[in-house]
Amino acid sequence: MKFFVDTAEVDAIRELFETGLVDGVTTNPSLIAKSGRLIKDVIKEIADFVPGPISAEVAATDAPTMIKEGLHLSEIGSNIAIKVPLTFEGLKACRALSDRNLMVNVTLCFSANQALLAAKAGASFISPFIGRLEDIDEDGMGLIEDIRLIYDNYGFETEILAASIRNGAHVKNVALAGADVATVPPQILHDLVKHPLTDKGLDAFLKDWESTGQVILSKE
Ligand code: G3P
């Protein structure tokens with residue numbers, strides 16, 4: 001499974017990118033607003049050091065303007081994925097932009113039927129928001145499983161990009177459900193590596209090693 005970082009905070013992306021575990025970045029209008037920066041400036045800064053897909057979302061709601069905005073955003077770099085909402089206007093824009101061989105990430109997906117339509121519209125990525133479904137007591141994981149089965153039934157190449165990830169259990173469960181990508185907020189990505197028994201075990205190893213008096217690298 002690929003890991004994208006779900007933020008527009010460049011420093012947080014840079015810190016995680018250095019681990020070699022970051023395959024891309026997703027942003028949305030709320031994350032851009034939170035960054036306090038102009039979308040083209042922040043997306044270009046990210047795209048200049050993260051080679052993977054960088055999602056930048058259009059703001060228009062009509063297909064012709066979405067297409068114009070998407071083409072404008074795609075000028076930033078070849079690794080830009082244009083994000084459009086899962087509406088009929090968004091699907092029309094998705095078809096037009098994917099026909100131009102541009103990456104399109106169809107976002108705000110909350111049902112398997114929506115995901116089926118996005119795949120038929122040529123989406124490169126579909127973004128089901130699992131956290132927001134669970135907020136209303138619906139089955140976010142079941143949605144990932146349903147989309148996976150439908151896409152595999154018909155050989156759709158659209159990648160399932162699990163979004164609205166709120167904790168480590170979400171990451172594990174979307175991986176179990178067969179998502180191609182999880183887009184994860186920076187702190188959750190950092191927390192994935194942590195386990196108290198790892199810390200405890202390492203402390204014990206280091207204490208016992210120190211008691212041997214050995215060094216692996218002799219001082220030159
Ligand atoms: O990529 C979508 C994500 O940013 C939404 O997350 O927690 O606002 O539902 P959340």
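How far is an oxygen atom of the ligand from an N or O atom in the side chain of Ser-164? Select Ser-164 and the ligand, and you'll find 2.6 Å between those two atoms.

Before going on, know that you're looking at a predicted model, where local features need pLDDT of at least 70, side-chain atom pairs count only at pLDDT 80 or more, and totals for chains, interfaces and linings use all residues. Residues are numbered from 1 along each chain as its sequence is written, and side-chain values use heavy atoms, leaving out hydrogens and water.

Stay with the ligand and pick Arg-166: one of its polar side-chain atoms sits 2.8 Å from a ligand oxygen. Now try Asn-28, where an N or O atom of the side chain is 3.1 Å from an oxygen of the ligand. On its own the ligand exposes 310 Å², and the protein buries 81% of that (areas by the Shrake-Rupley method with a 1.4 Å probe).

Next, show the residues around the ligand (a heavy atom within 4 Å of it). Besides the three you've met, they include Asp-6, Lys-83, Phe-129, Arg-132 and Ala-163.

Zoom out and switch to cartoon view. You should see 11 helices and 8 strands, which are DSSP runs (helices H or I, at least four residues; strands E, at least two). The C-alpha atoms fill a box of roughly 70 × 35 × 30 Å along the principal axes.

Finally, colour by burial: of the 220 residues, 46% are buried (under 20% relative accessible area, 1.4 Å probe, protein chains only).

Key
Buried means under 20% relative accessible area, exposed over 50%, partly exposed in between (1.4 Å probe, protein chains only). A polar contact is a pair of N or O atoms within 3.5 Å; within protein, one must be able to donate a hydrogen and the other to accept it, and residues adjacent in sequence count only if both atoms are side-chain atoms.
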